[in-house]
Amino acid sequence: MAEMWNPKEHSQIKESILEKYLGVWYMKITYRFRRAYYVDTCSGPGVFDNGIHGSPMIALKNAFEAWKKHPSCGYEFVFCDAKADVLRRLKENITSFLSCFESGFNSAVQIHFHECDFLEKFDMILNEAKKKETAAFLFIDPFNASTVPFEAIEKAMKGISTEVLFNFMHSDINRNKRLMNSEKTERIMGKGYDQEKLKSVPIIRDRYISDLRERTGAYVTYYTMKTPSESPLYDLIHLTKHCDGLSIMKEVMSSLSKSPHYFSNDERYAKDQLTIFVPRSRDSFFEVLKSVCGSEQIRVERLYNEIMCDDKLFWTKSSILEQIRGLLETGKIKLVSGPKRINKNSVIEILEDS
Ligand SMILES: C[S@@+](CC[C@H](N)C(=O)[O-])C[C@H]1O[C@@H](n2cnc3c(N)ncnc32)[C@H](O)[C@@H]1O
C-alpha cells in the first residue's frame with residue numbers, strides 16, 4: 001500500500017504563502033509578458049492524501065485565474081520529481097484537475113514532467129526561463145538541504161525576470177554539521193564557506209542570506225518556519241530582482257499575519273501555535289525616517305519606495321502610514337502639505353528638536 005502523505009501545519013503555511021504570492025504574480029506578469037514559466041523542482045504528488053492541494057495545483061489554479069483575464073499569454077509548467085510513484089500520482093491528479101477547467105485553458109497550457117533529480121534538467125530549465133518575453137518562477141522545495149547546491153540558486157537568479165522561492169532546510173544542516181566535509185559544506189553554503197562557521201542555525205542562515213544578496217544581486221527576504229516549541233525548522237527564502245516582487249511578498253506576509261494568527265509576529269497570538277516570523281525590522285521607524293530624509297521635507301510616496309525596496313525593512317505601505325500617524329501624534333514630525341488624513345501625497349518633515 002502506498003505510504004500516507006499528509007502535509008504538516010508548517011507545510012500548509014508554506015502553501016498559503018505560495019498561493020497568495022502566485023495569485024498576484026500570475027496576474028501581473030501575464031499582463032506584461034508573453035510567457036509565464038512556472039517550475040516546481042520538487043513537485044510532490046499535487047494532492048495529498050487528505051485532499052489538500054500541493055504546490056503544482058496551486059500554480060495551475062492561479063494560472064487559470066490569470067488566463068481568464070489574459071488568455072493570449074502562454075502558460076507553461078515544469079514538474080520534476082525524483083520518485084516515479086510520486087510523479088505518476090501527480091500526472092493523474094493534474095489530468096483530473098484540468099478536466100474541471102474550461103477547455104480553452106487546457107489547450108493554452110503546456111506541461112512538462114520530468115522524473116529525475118531536478119539538477120539533471122536544470123540548465124535546460126534555466127535556458128527556457130531566460131527566453132525572451134518570459135517571466136519565470138521557480139519553487140524549490142526539497143526534503144533536505146544537501147540536494148540544492150548554492151550554485152543552483154545563484155545560476156537561477158541570473159535570469160532578470162526569474163524569481164525563486166526556496167525552502168532552505170537549515171535545521172538539517174545544523175543537525176548534520178559534524179558529518180559534513182568541506183566539499184559538502186561548500187556545495188550547500190557556497191564557495192569559500194568555512195566549515196568552522198557551521199555553528200548554529202542563526203549563524204548559518206544569516207551568512208547564507210548575506211551571501212545570496214551579494215552573489216545574486218537580488219532582493220532576498222526570508223521567513224522562518226518554527227515548531228510549536230519555537231525551534232526553527234527552515235526558512236522560506238524569496239529572491240527577486242524587482243522591487244515590485246519584494247513589496248508583494250512583504251504584503252503577502254503582512255496580510256497572512258492577521259488571520260490565521262499563526263502567521264503572526266505578534267506575541268499575543270503566537271502562544272502555542274506554530275509561528276512563522278517575518279524578521280523584525282532592526283531599526284526603529286523614526287531612525288529609518290531620519291536616515292532617508294534628514295532635515296529635508298519628504299513626500300510619503302518617496303518614503304514608501306525607499307522602504308518597500310529595501311529587503312531588510314519589513315514595513316508595508318499601511319504600516320508605514322500607521323507609523324507616520326504615530327510620529328505626528330507624538331510631535332516628532334510635522335505635516336508640511338497634503339491632506340489631513342495622511343496618504344502618499346502628504347509631505348512631512350522631522351521637527352528639529354525631536
Ligand atoms: C517537500 S516535497 C514537495 C512538496 C510540494 N512542493 C508541495 O508543496 O506540494 C518534496 C518532493 O520532492 C521530491 N524531491 C526531493 N529532492 C528532489 C530532487 N533533488 N529532485 C527532484 N525531486 C526531488 C521528493 O520525491 C518529494 O516528492
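Which residues surround the ligand, and which are the closest? In this predicted model, the ligand is surrounded by 19 residues. Cys42, Gly44, Gly54, Ser55 and Asp141 are the closest. Sorted by class, this shell comprises seven nonpolar, six polar and six charged residues.

Helix H3 spans residues 84-98 and thus contains 15 residues. From its first C-alpha to its last the helix reaches 21 Å, close to the 21 Å expected at 1.5 Å a residue. Five positions of the helix are named here as buried: Leu87, Arg89, Leu90, Asn93 and Ile94. These buried residues lie on the same side of H3 because they cover an arc of only 160° around the axis. Ala84, Asp85, Thr95 and Ser96, on the other side of H3, are exposed. The packing partners of the buried residues of H3 are helix H2 (55-69), strand S2 (74-80) and strand S3 (109-114).

Further along the chain, three strands form an open sheet in the order S9-S11-S10, and their pairing is antiparallel. Strand S9 (298-299) and strand S10 (333-337) are the edge strands, each of which pairs on one side only. Strand S11 covers residues 347-350 and is joined to S9 by two bridges, the two strands running antiparallel. Within this pairing, Ile298 stands opposite Ile348 in S11. In general, strands of a sheet pair through backbone hydrogen bonds, in either a parallel or an antiparallel manner.

Terms used. Residues numbered from 1 in each chain as written. Predicted model: local features only at pLDDT ≥ 70, side-chain atom pairs only at ≥ 80, totals over all residues. Near = placed C-beta within 6 Å. Nonpolar A, V, L, I, M, F, W, Y, C, P; charged D, E, K, R; others polar. Pairing = 2+ DSSP bridges. Helix = DSSP H or I, 4+ residues; strand = E, 2+ residues; numbered from the N terminus. Expected span 1.5 Å × (residues − 1). Buried ≥ 20, exposed ≤ 12 C-beta atoms within 10 Å, placed from the backbone. Arc of directions from axis to C-beta. Contact = placed C-beta atoms within 7 Å.
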